[in-house]
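Could you walk me through this structure in the viewer, one selection at a time? I would like to know what to pick next and what is there.

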Protein chains: 2
Amino acid sequence: MKLTPVLDRLESEEPAALARLMDLLRIPSISTDPAYATECTRAAEWLIADLLSIGFDASLRETPGHPMVVAHHDGPGPHVLFYGHYDVQPIDPLALWTRDPFDPVVEDTAKGQVIRGRGSSDDKGQVMTFIEACRAWKAVHGSLPLKVTVFLEGEEESGSPSLIPFMKENARELTSDIALICDTGLFGEDTPAIITMLRGLLTEELTVTGPSKDLHSGMYGGISMNPIRALSRALAALHDETGHVTVPGFYEGVPEIPADVMAQWQALGFDPQTFLGEAGLSAPAGEADRTPLEQLWARPTCDVNGIWGGYTGEGFKTVLPAQAHAKVSFRLVGQQDPLKIRENFRAFIQSHMPPDCTVGFKGHGASPAAQMATDHPAFEKARVALSDEWPHPAAYIGCGASIPIAGYFKTVLGMDSMLIGFGKDDDAIHSPNEKYDLVSFRKGARSWARILSALAA
Amino acid sequence: MKLTPVLDRLESEEPAALARLMDLLRIPSISTDPAYATECTRAAEWLIADLLSIGFDASLRETPGHPMVVAHHDGPGPHVLFYGHYDVQPIDPLALWTRDPFDPVVEDTAKGQVIRGRGSSDDKGQVMTFIEACRAWKAVHGSLPLKVTVFLEGEEESGSPSLIPFMKENARELTSDIALICDTGLFGEDTPAIITMLRGLLTEELTVTGPSKDLHSGMYGGISMNPIRALSRALAALHDETGHVTVPGFYEGVPEIPADVMAQWQALGFDPQTFLGEAGLSAPAGEADRTPLEQLWARPTCDVNGIWGGYTGEGFKTVLPAQAHAKVSFRLVGQQDPLKIRENFRAFIQSHMPPDCTVGFKGHGASPAAQMATDHPAFEKARVALSDEWPHPAAYIGCGASIPIAGYFKTVLGMDSMLIGFGKDDDAIHSPNEKYDLVSFRKGARSWARILSALAA
């Protein structure tokens, strides 16, 4: 079956494809906030209707959390499973958005046209690149060049609690020859990428309790332990002066990058000044003895993602709060064991509590790092297909983010995964004013059309 | 003029006095939050109407902030000025209140009846003890035993920005023989107190800025400086292992307590276990080489009163925030210079910023510590009058809180002040479920009736 008319069809149908994406972006499917639960279901239903309309056997599958979307389409070639997620990140701080996060628009910017709105890049826009490629194949040829299962979840931004149970219960239905995961980015504007290693993620919330009630710092100040002071000291102790994480045993299972991979990375000509400059930064802040790309892709990290306690409103209140809180996450690599690190982290924080302070923990998620099977023949086929679409050849790269699904596909279903996406570093995913370049959307759909063709061959 | 019928009148009129206080407590006069500005004015107007009703020449006096209440009543003896404040603290965290903070009620508790509501102790209940004493004198004798000026402000909980300019502009009208300040507490349940030393207060808000926008910790984690990490480290550095504050020059001007005062304090039989136990604490957390009463009354402190940054909602968000914030206050003693400490604090925090982090400051308030003129004859008269009312004799004590007004009366108007109040340590001022014991209200009004009589003699 010919590829060219499929690519042509994508071009002529782009306005309709964009209108569809806008519809999906208008649904505020924030999975982490229970207030938006019905909106998550609405997004799932929208996708099912769309997949049914192009001939998929699509259905909504209930879970204890937000529902799954599972859709099958027959075809002659091998069987691929496409994974994405329809849920989005929260939108705060809302004041920093230039427009309603759920009123998307195509904007002209100095760097070209962008689709602005929450979820445009992470991950609704990316999901639709694949669906649009399938739609074009169907419109032109009345069929797909290979057998396709689409599997979309609605809890990716909230720790995917239902994912593993669902995959176990539906293992036979979901197992395919390879998984295609579209939730990552380009290496550079003109250079597509296939991810070969992903960091794992451990997330913890802690609450330090001091006094039994909020106290007046005039009456109790000095003599009373302040839980913010205890929390600050414990968090400050998580890194040493050279940027290393101090939790005991933290670096167990962290591998050195092989010399050939390091050489390949160096050839990419990554410029940390440009990368950091996009974010208003200038100096790599990770382990002082590691290269910038190692810090980004291959080294474990510890970050405080949220902190709160005491009076945070207008003006001043001289309160000694009863409690102080923080959300802490670790990016993991190699063979680091998330559960062991959780245990060590909790003991470490515990050991830093002064008298009269206790600490409680709530675990949010824990997934190990993943290494892809680049010797699977699909990798080379996809690399060539991507290289045909984009100005520069596709690169095999690492990724600092944690996309636990790749590990789950391997451990639960025994499937290898290819992570291919079209986001850009400046997409502001998880931040105000998230966007997805129109060129990402356009060339993303074309890339999938090519990859489907290549994998069928 | 006889005192006994005045005390009898207070007893018989107590239900009406309580009803008046409840009316005043229902007005949510939160001064620090601009949303409550009209409520502050309403509280001022309520007090003016009440003072007019008992023959004071009372008027509302506009300021750039919340208005002042000034009321005069003629009399034969010396001229006293009574100071209090009608504004109250914010009410958050609202969820911890057992009832609406502005729907006050008299509750039976294991420790006796209490008036529950925001401002009941700090400071509306205390203000009304004085006004009720004046009302009773008027009702019984048709006059007051000495000349009285009532001066109430509405910005005490928000740094009193209008106070000094107002006092300067109205110096002649306000200057009296002595000021009576009712915003403090008893030493113990049965032991009234006159404060002879007050800590000063310096309050600062700081904002640490790292990246130019919120970042995704998967994409940017490790290589990017996190402003929460920078803030935690800077705040953690404010104390050393022995509880001393590390800001350079911080202890300049901190006096040693004279041996005779220390001996007097030791005679009070203060039990830190009981005091701390009320707040769910057990161990003095201040400077390790200082006694608990020194930590409470006579040593300077540094506390973080609020901290916030990143994602603080439900669930988890792996964000690297652009900014992190804290509110920090210092309690000052002796000759410590608030403005010099502000400068040193800012330089100290600045010096703890890593590359790619900047810090900005907003000063909220700065007042030095104050030492009262206990050789003024009014002190001994008031001490005897208080001792007549309460089971145990009145004590001269220190106070950890900062009531800058006493210093202003001295420096701006050349007046000495007596700080006498009837609050208790467990009143939960500035906290949820603030209360004022009914016995504080009752014996407070009787105490003022006695003090007015004593000062007139």
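How many salt bridges does the structure hold over all chains? The count is 62 over all chains. Please keep in mind on this tour that the model is predicted.

**Stop 1: a salt bridge inside chain B**

Select B:Arg118 and B:Glu434. These two residues form a salt bridge, and their closest N and O atoms are 2.7 Å apart. The pair ties together distant parts of the chain, 316 residues apart. B:Arg118 sits in the loop between strand E5 (112-116) and helix H4 (124-141) of chain B, while B:Glu434 sits in the loop between strand E17 (417-420) and strand E18 (435-437) of chain B.

**Stop 2: a cis peptide bond in each chain**

Stay in the loop between E5 and H4 of chain B, where you will find B:Asp123. The peptide bond joining B:Asp122 and B:Asp123 is cis, with omega about 10 degrees. Now go to chain A and select A:Asp122 and A:Asp123: the bond from one to the other is cis, with omega near 10 degrees. A:Asp123 is placed in the loop between strand E5 (112-116) and helix H4 (124-141) of chain A. As background, most peptide bonds are trans, and most residues other than glycine have a negative phi.

With that in mind, select A:Ser160. Here phi is positive, near 50 degrees, in a residue that is not glycine. Look for A:Ser160 in the loop between strand E6 (147-153) and helix H5 (163-169) of chain A.

**Stop 3: a hairpin in chain B**

Next, color strand E1 (residues 57-61) and strand E2 (residues 68-73) of chain B. The two run antiparallel and are joined by 5 bridges. Zoom in on B:Ser59, and you will see B:Val70 of E2(B) opposite. The hairpin that connects E1(B) to E2(B) passes through 6 residues.

**Stop 4: where the chains meet**

Show both chains and select the residues in contact: chain B brings 89 residues and chain A brings 89 residues. How much area is buried between chain B and chain A? The value is about 7800 Å², and carbon and sulfur atoms give 54% of it.

For the polar side of the interface, the count between chain B and chain A is 2 salt bridges. One of them pairs B:Glu241 with A:Arg233, whose closest N and O atoms are 2.7 Å apart. Across the interface there are also 46 residue pairs in polar contact, with both residues at pLDDT 80 or more. On the side of chain B that touches chain A, strand E11 (residues 301-310) of chain B gives the most, with 9 residues. If you color that side by class, you will get 34 nonpolar, 33 polar and 22 charged residues.

**Stop 5: strands paired across the interface**

Select strand E11 (residues 301-310) of chain A together with E11(B). The two strands pair in the antiparallel sense over 5 bridges. To follow one of these pairings, pick A:Gly310, whose bridge partner in E11(B) is B:Gly306.

**Last stop: the two copies together**

Finally, zoom out and superpose the chains. Chain B lands on chain A after a rotation of 180 degrees, with 0.0 Å of shift along the axis and an RMSD of 0.0 Å. The two copies are therefore related as by a two-fold rotation axis. Do the copies meet through the same surface or through different ones? Through the same surface, because 99% of the interface residues of chain B are also interface residues in chain A.

Terms used: Residues are numbered from 1 along each chain as its sequence is written. Chains are lettered from A and ligands numbered from 1 in the order in which they are written. This is a predicted model: local features need pLDDT of at least 70, side-chain atom pairs count only at pLDDT 80 or more; totals for chains, interfaces and linings use all residues. Side-chain values use heavy atoms; hydrogens and water are left out. Contact means heavy atoms within 4.5 Å. Buried area is the accessible area (1.4 Å probe) that two parts lose on being put together, summed over both. A salt bridge is a side-chain nitrogen of Lys or Arg within 4 Å of a carboxyl oxygen of Asp or Glu. A polar contact is a pair of N or O atoms within 3.5 Å; within protein, one must be able to donate a hydrogen and the other to accept it, and residues adjacent in sequence count only if both atoms are side-chain atoms. Helices (H or I, at least four residues) and strands (E, at least two) are DSSP runs, numbered from the N terminus. Ala, Val, Leu, Ile, Met, Phe, Trp, Tyr, Cys and Pro count as nonpolar, Asp, Glu, Lys and Arg as charged, and the others, Gly among them, as polar. Two strands pair if DSSP finds at least two bridges between them. Copies are superposed by least squares on the C-alpha atoms of residues with pLDDT of at least 70 in both.
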